[in-house]
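Grab a coffee and open the structure viewer. Below are some short exercises, each with a worked solution to check yourself against.

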Amino acid sequence: MNIASATGDVREAEFEQLMRTYETEVLRICFLCLADRGMAEDALQDTFTKVWRSMDRFEQRNDCSVKTWIMRIAVNTCRDYRRSSWFRHRSATRSLEDLPPALTPISQDSRELFLDVLGLPEKYRHVILLYHYQGMTAEEVASALGISRPTVSRCLKKAYALLRSEQGEEDRI
């Protein structure tokens, strides 16, 4: 066996480990961003294609974790999908029955809150999803979205305010 093939085998093993480790989390975030299981699966594949292509260039820049790096690729891939003209003309209805099982809320209140989160404007929704549903720190969210740490804090505060006002409106109805 020559050195080039040995290096290729190591790279493939590393990539397979990344896929096993982050596949479910990437699928979740893609589904939540796109609200379509089929598109989320396509975005998952595109995300890992991009990961494969850029594995050699990733060097934990700015103390960025591998998870943060992969989530940033996933969010950007979903943004590209959402920019397509086809996506803008399709129905954006979300059904809780379409959610992957690990994301399905248990109580009626949590179902309503979850739908309210999905209805937030994109910049707030991404911050909430990464921070609360992916369990990332504010620093990781900032790195994944390419924004500053104070911006993450402001987006979280604004998202909480929007969610509170949404819950308040439902209580008045």
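The exercises start with the whole chain and then go down to helix pairs and single residues; keep in mind that this is a predicted model.

**Exercise 1. Work out what secondary structure the chain has and how much of it is buried.**

Solution.
- Start with the elements: there are 8 helices and 0 strands.
- Walk along the sequence and you get the pattern α-α-α-α-α-α-α-α.
- Now look at burial: of the 173 residues, 39% count as buried.
- Last, check the contacts between residues at least 6 apart in sequence: 65% of them join residues at least 24 apart.

**Exercise 2. Find the largest nonpolar core and say which helices feed it.**

Solution.
- The largest nonpolar core holds 48 residues, and those with the most contacts inside it are Val-26, Ile-29, Cys-30, Val-51, Trp-69 and Leu-130.
- Helices H1 (3–34), H2 (37–54), H3 (66–83), H5 (108–118), H6, H7 and H8 (149–172) each put in at least two residues.
- H1 gives the largest share, 11 residues.
- Zoom in on Val-51: beyond its neighbours within four places in sequence, Val-51 contacts Phe-15, Leu-18, Trp-69, Ile-70 and Ile-73.

**Exercise 3. Describe H3, then decide whether Trp-69 is buried or exposed.**

Solution.
- H3 has 18 residues and spans 26 Å from first C-alpha to last, close to the 26 Å expected at 1.5 Å a residue.
- Its buried residues include Lys-67, Thr-68, Ile-70, Met-71 and Tyr-81.
- Trp-69 sits in this helix too. Its relative accessible area is 15%, and the cut-off for buried is under 20%, so Trp-69 is buried.
- Setting aside neighbours within four places in sequence, Trp-69 touches Val-51, Ser-54, Met-55, Phe-58 and Cys-64.
- Now jump along the chain: Ser-143 is 74 residues away from Trp-69 in sequence, yet their C-alpha atoms are separated by 7.8 Å.

**Exercise 4. Classify how H7 packs against H3 and against H6.**

Solution.
- Take H3 and H7 as the opening pair: their axes come within 8 Å and cross at roughly 45°. That angle makes H3 oblique to H7.
- The crossing of H3 and H7 is right-handed.
- On the H3 side, Thr-68, Met-71, Arg-72, Val-75 and Arg-79 meet Glu-140, Ser-143, Ala-144 and Leu-145 of H7.
- Next, H6 and H7: the angle is about 135° and the axes are 9 Å apart. H6 is therefore oblique to H7.
- H6 also passes H7 in a right-handed crossing. His-126, Val-127, Leu-130 and Tyr-131 of H6 make this contact with Ala-138, Val-141, Ala-144 and Leu-145 of H7.

**Exercise 5. Look at the end of H6 and the loop after it: where does Gln-134 lie, and is it buried or exposed?**

Solution.
- Begin inside the helix: Tyr-124, Arg-125, His-126, Val-127, Ile-128, Leu-129 and Leu-130 are the buried ones listed for H6.
- Gln-134 lies in the loop between H6 (122–133) and H7 (138–145).
- With 8% relative accessibility, Gln-134 counts as buried.
- Who does it touch? Leaving out residues up to four places away in sequence, Gln-134 contacts Glu-25, Arg-28, Ile-29, Lys-67, Met-71 and Leu-129.
- Finish with the backbone: just after H6, Gly-135 takes a positive phi of about 70°.

How values were computed
Residues numbered from 1 in each chain as written. Predicted model: local features only at pLDDT ≥ 70, side-chain atom pairs only at ≥ 80, totals over all residues. Heavy atoms only, no water. Helix = DSSP H or I, 4+ residues; strand = E, 2+ residues; numbered from the N terminus. Buried < 20%, exposed > 50% of the residue type's maximum accessible area, 1.4 Å probe, protein only. Contact = heavy atoms within 4.5 Å. Core = buried A, V, L, I, M, F, W, Y, C linked by side-chain atoms within 4.5 Å. Expected span 1.5 Å × (residues − 1). Axes fitted to C-alpha atoms, helices over the stretch in contact; angles between N-to-C directions. Parallel < 35°, antiparallel > 145°, perpendicular 65-115°, else oblique. Left-handed = near helix turned anticlockwise from the far one by under 90°.
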